[in-house]
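Notebook open, model loaded. I wanted to look up a few packing details and write them down as I went.

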Amino acid sequence: MNRKNPMSDPQAAPLVQITREDEIALVKLNRPDKRNAINDGLLAELEQGFAHGLGDARAVILHGEGAHFSAGLDLFELMSKRSPDVLVGMRRSRQWHRAFDQIQFGELPVISVLKGGVIGGGFELAAATHVRVTERSAFFQLPEGQRGIFLGGSGSVRIPRIIGAGRVVEMMLTGRSLSADEALQLGVAHYVVEDGAGLDKARELARAIARNAPATNYAVINGIQRISEMPIGEGLFAETMVTVMTKSAGTDAGRRITEFFEGRKQRSGDEPA
């Protein structure tokens, strides 16, 4: 299934391609000639795809066509659309926020496959995903400081929660690049694999995630981040409420727990009860 931006050239290939493999939706950034730089059209298609294009999928894999995940904001388009009206820039930034919020706080777990450049807005996009599979070729940069601009796609909110505010400041001031191994040490990457192996690893993880109860997956991706930022008392209350609602939402928790213990008994050589 491919989704096209209705405002784009009807003859042009979609900037975001969505396909299905059973219960897994694969969302592909499709501007390889621009290193998947994010322009207004790609952002609109990404937002529309996550809002309306995933159907009954149980997990999502986000990846990029070509050698790079995403080189971030399309600076050529930014320069061509410069406006003295501050509200224009504010609206563009808020559009990025809406699109990335749909990824991080949507209904489905999203696994990203990161390779080549994960730069600026591409890093911001990756930070909105829940599981990050990183190929050896990947490198991470926040070059906005050298370009006279600031993070505008939620990076100053999401990325410090992963690597810390001090590291984000240092990366923006110096233009430093993080390798795949450094990203793993800092928690940006959850898995590091050899070049070309990212999609297969993502498929393996997506299949495992899709077997979870949908209500539990929803609670995990929407609850953990929010609860972790609450004061202790409010967080414990919220945890209790989410726990009770999840158990009441058709997760079949009793059967799953029983199967876990039965499987553990069999693996240990005990007779099942």
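These are my entries, beginning with the whole chain and then going through single spots.

**Whole chain**

I am working from a predicted model, so no experiment stands behind these values. I looked up the secondary structure first and got 13 helices and 9 strands. The chain has 273 residues, and 44% of them count as buried. I also checked how far apart in sequence the contacts reach. Taking contacts between residues at least 6 apart, I found that 70% join residues at least 24 apart.

**H1 against H3**

Next I went to a helix pair. Two packed helices are described by the angle between their axes and the distance between the axes, so I looked up both. Helix H1 covers residues 40–52 and helix H3 covers residues 86–104. Their axes come within 9 Å and cross at roughly 35 degrees. I noted the crossing of H1 past H3 as left-handed.

Which residues make the contact? From H1 I listed Asp40, Leu43, Ala44, Leu46, Glu47, Phe50 and Ala51. From H3 I listed Arg92, Gln95, Trp96, Arg98, Ala99, Phe100, Gln102 and Ile103. Sorted by type, the contact residues come out as 9 nonpolar, 2 polar and 4 charged.

**Two rings in H3**

Trp96 and Phe100 are both on that H3 list, and I stayed with them for the aromatic entry. My search for aromatic pairs returned 2, and tryptophan 96 with phenylalanine 100 is one of them. The ring centres are 5.6 Å apart and the planes are at 70 degrees, which I logged as edge-to-face. The cut-off for that label is over 60 degrees.

Why do these two residues sit about one helical turn apart? Because they are 4 residues apart in helix H3. Buried or exposed? Tryptophan 96 is buried, with a relative accessible area of 6%. Phenylalanine 100 is at 0% relative accessibility, so I put it down as buried too.

**The E1–E2 hairpin**

Then I moved on to strands. E1 (residues 16–21) and E2 (residues 24–29) run antiparallel and are joined by 6 bridges. I followed one bridge: threonine 19 has leucine 26 in E2 as its partner. The hairpin has 2 residues between the strands, and there aspartate 22 has a positive phi near 55 degrees.

**The E5-E7-E8 sheet**

This one is an open sheet of 3 strands, in the order E5-E7-E8, with mixed pairing. The edges are E5 (117–119) and E8 (177–179), each pairing on one side only. On average, neighbouring strands are turned by 20 degrees against each other, direction ignored. I looked more closely at E7 (residues 139–141), which pairs with E8 in the antiparallel sense over 3 bridges. Glutamine 141 is the residue I found opposite serine 177 in E8.

**Serine 156**

Last entry. Serine 156 is in helix H6, residues 155–158. Its relative accessibility is 39%, so I noted serine 156 as partly exposed. What does serine 156 touch, leaving out residues up to four places away in sequence? I found Phe150 and Leu151. I also checked serine 156 against glutamate 124, which is 32 residues apart from it along the chain. Their C-alpha atoms are separated by 8.6 Å.

Definitions and conventions
Residues are numbered from 1 along each chain as its sequence is written. This is a predicted model: local features need pLDDT of at least 70, side-chain atom pairs count only at pLDDT 80 or more; totals for chains, interfaces and linings use all residues. Side-chain values use heavy atoms; hydrogens and water are left out. Axes are lines fitted to C-alpha atoms, for helices over the stretch in contact, and angles run from 0 to 180 degrees between N-to-C directions. A crossing is left-handed if the near helix is turned anticlockwise from the far one by less than a right angle, and right-handed if clockwise. Contact means heavy atoms within 4.5 Å. Ala, Val, Leu, Ile, Met, Phe, Trp, Tyr, Cys and Pro count as nonpolar, Asp, Glu, Lys and Arg as charged, and the others, Gly among them, as polar. Two strands pair if DSSP finds at least two bridges between them. Rings of Phe, Tyr and Trp (its six-membered ring) pair if their centres lie within 6.5 Å; planes under 30 degrees apart count as stacked, over 60 as edge-to-face and the rest as tilted. Buried means under 20% relative accessible area, exposed over 50%, partly exposed in between (1.4 Å probe, protein chains only).
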